[in-house]
Amino acid sequence: MLNKKIEDAINAQINAEMWSAYLYLSMSAWCAKTGRPGMANWFEIQFREEQDHARIFFNYVLQRGGEVKLQPIEAVPQEWKSPLDVFESTLAHEQKVTALINNLFALTTAENDYASQSMLKWFIDEQVEEEENAQNMIDNLRMIGDNGYGLFMLDKELAARVYSTPSPLAGK
Ligand code: MG
C-alpha cells in the first residue's frame, strides 16, 4: 500500500510529466512552423517519452493500490527566439524535472519506501540522459552559430531520431 504523502507526490509528478509532454509538443509545433522538420521530429519524440514517464508513474500508483488523481495541465509557452533558445529552455526545464525527481526520492527516503526508491532509480538515470541530450544540442548549435548549412545538416540528423519504448513500459 502506498503511503498517502508519496501517493500525492507521485500524482503531482504525473501532472509535471504531462506538462513536459505538452511543452515539447508546443516546441515541436514551433520548430515545424519555423521550417525545421528534423527538430520538430526530435521534440515530437520527447513529447511521446514524457507521456511514457507519466504512464510509468500512473501504472506504479495503481500497482501499489493507490489512487490516480489527474489534475488540469497548465498552459505552456508557444514562442521561442531561435533553435538555441528552444534547447536552452529544454535544458532549464529538464534541470527543474531533475530537482522534482530528487525531491521525490528524498521523500521516499524519509518515509522508508524502498519499493518507490527502486522505481525512481530509472528516472534518476533518465534525467542524466535528458540533461546530457539537451546540453549536446546546445553545444552543437553554439558551434554552428548562424551557419545555414550547419543548421540544415543538424536538422537532417534530428529527422532520423526514432522513438523507442522505455524499459519500464516494455510489454505493457
Ligand atoms: Mg520526464
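1. Start with F123, which counts as buried at 1% relative accessibility. This is a predicted model, so read every number below as computed from predicted coordinates. F123 pairs with F57 in a stacked arrangement, with 4.1 Å between ring centres and 15° between the planes. F57 is buried too, at 0% relative accessibility. The pair links distant parts of the chain, since F57 sits in helix α2 and F123 in helix α4, 66 residues apart. F123 also turns up in a core of 16 residues, whose members include A54, L104 and L169.

2. On to the other rings. The count of aromatic pairs comes to seven. One of them is W30 with W80: the centres are 6.3 Å apart and the planes meet at 75°, so this pair is edge-to-face. W30 belongs to helix α1 while W80 is in the loop between α2 and α3, so the two tie together parts that are 50 residues apart in sequence. Both W30 and W80 are buried. Elsewhere, Y24, W42, F43 and F87 are linked into a cluster by ring pairs.

3. Two arginines are worth a look if you care about cation placement over rings. The charged end of R161 sits over the ring of W42, 4.7 Å from its centre. W42 is also one of the rings in the cluster mentioned above. R48 lies over the face of Y163, at 3.9 Å from the ring centre.

4. Now the metal. Which residues supply the protein donors of the magnesium ion? They are E17 and E50, each through OE, and H53 through ND1, lying 2.1 to 2.2 Å from the ion. Along the chain, the donors follow the spacing E-x32-E-x2-H. E17 is in helix α1 (residues 4-33) and H53 in helix α2 (residues 37-63), so this pair ties together parts that are 36 residues apart in sequence. Both of these ligands are tucked away: E17 is buried with a relative accessible area of 1%, and H53 is buried at 2%. Before you set up any parameters for the site, note that water is not among the atoms, so the site may look incomplete.

5. The largest nonpolar core has 23 residues, and those touching the most other members are M27, M39, F43, V86, F87, L154 and L158. Helices α1, α2, α3 (83-110), α4 (114-144) and α5 (148-159) each supply at least two residues of it. The biggest giver is α1, with six residues. As background, nonpolar side chains in soluble globular proteins tend to be buried together.

6. V86 and T90 make a handy pair for looking around this region. Leaving aside neighbours within four places in sequence, V86 is in contact with M27, W30, F43 and W80. T90, in helix α3, is buried with a relative accessible area of 1%. The side chain of T90 reaches the backbone oxygen of V86 at 2.8 Å. Again leaving aside neighbours within four places in sequence, T90 is in contact with Y24, M27, F43 and A134.

7. The loop between α3 and α4 deserves its own point. N112 is placed there, and its phi is near 55°, a positive value in a residue other than glycine. For context, most residues other than glycine have a negative phi. D113 lies in that loop as well. Is D113 buried or exposed? At 8% relative accessibility, D113 counts as buried. Its side chain is joined to that of S116 by a polar contact of 2.7 Å. Beyond its neighbours within four places in sequence, D113 is in contact with L2, I6, Y60, R64 and T108.

8. Last, the loop between α2 and α3, where P77 is found. P77 is partly exposed, with a relative accessible area of 37%. Apart from neighbours within four places in sequence, P77 is in contact with W19, L23 and S26. P77 and Y22 are 55 residues apart in sequence, with a C-alpha to C-alpha distance of 9.5 Å. W80, the edge-to-face partner of W30, is in this loop too.

How values were computed
Residues numbered from 1 in each chain as written. Predicted model: local features only at pLDDT ≥ 70, side-chain atom pairs only at ≥ 80, totals over all residues. Heavy atoms only, no water. Donors = N, O, S within 2.8 Å, 3.2 Å for Na, K, Ca; no water. Helix = DSSP H or I, 4+ residues; strand = E, 2+ residues; numbered from the N terminus. Buried < 20%, exposed > 50% of the residue type's maximum accessible area, 1.4 Å probe, protein only. Core = buried A, V, L, I, M, F, W, Y, C linked by side-chain atoms within 4.5 Å. Contact = heavy atoms within 4.5 Å. Polar contact = N/O pair within 3.5 Å; in protein donor to acceptor, adjacent residues only side chain to side chain. Phe/Tyr/Trp six-rings, centres within 6.5 Å; stacked < 30°, edge-to-face > 60°. Lys NZ or Arg CZ within 6 Å of the ring centre and 35° of its normal.
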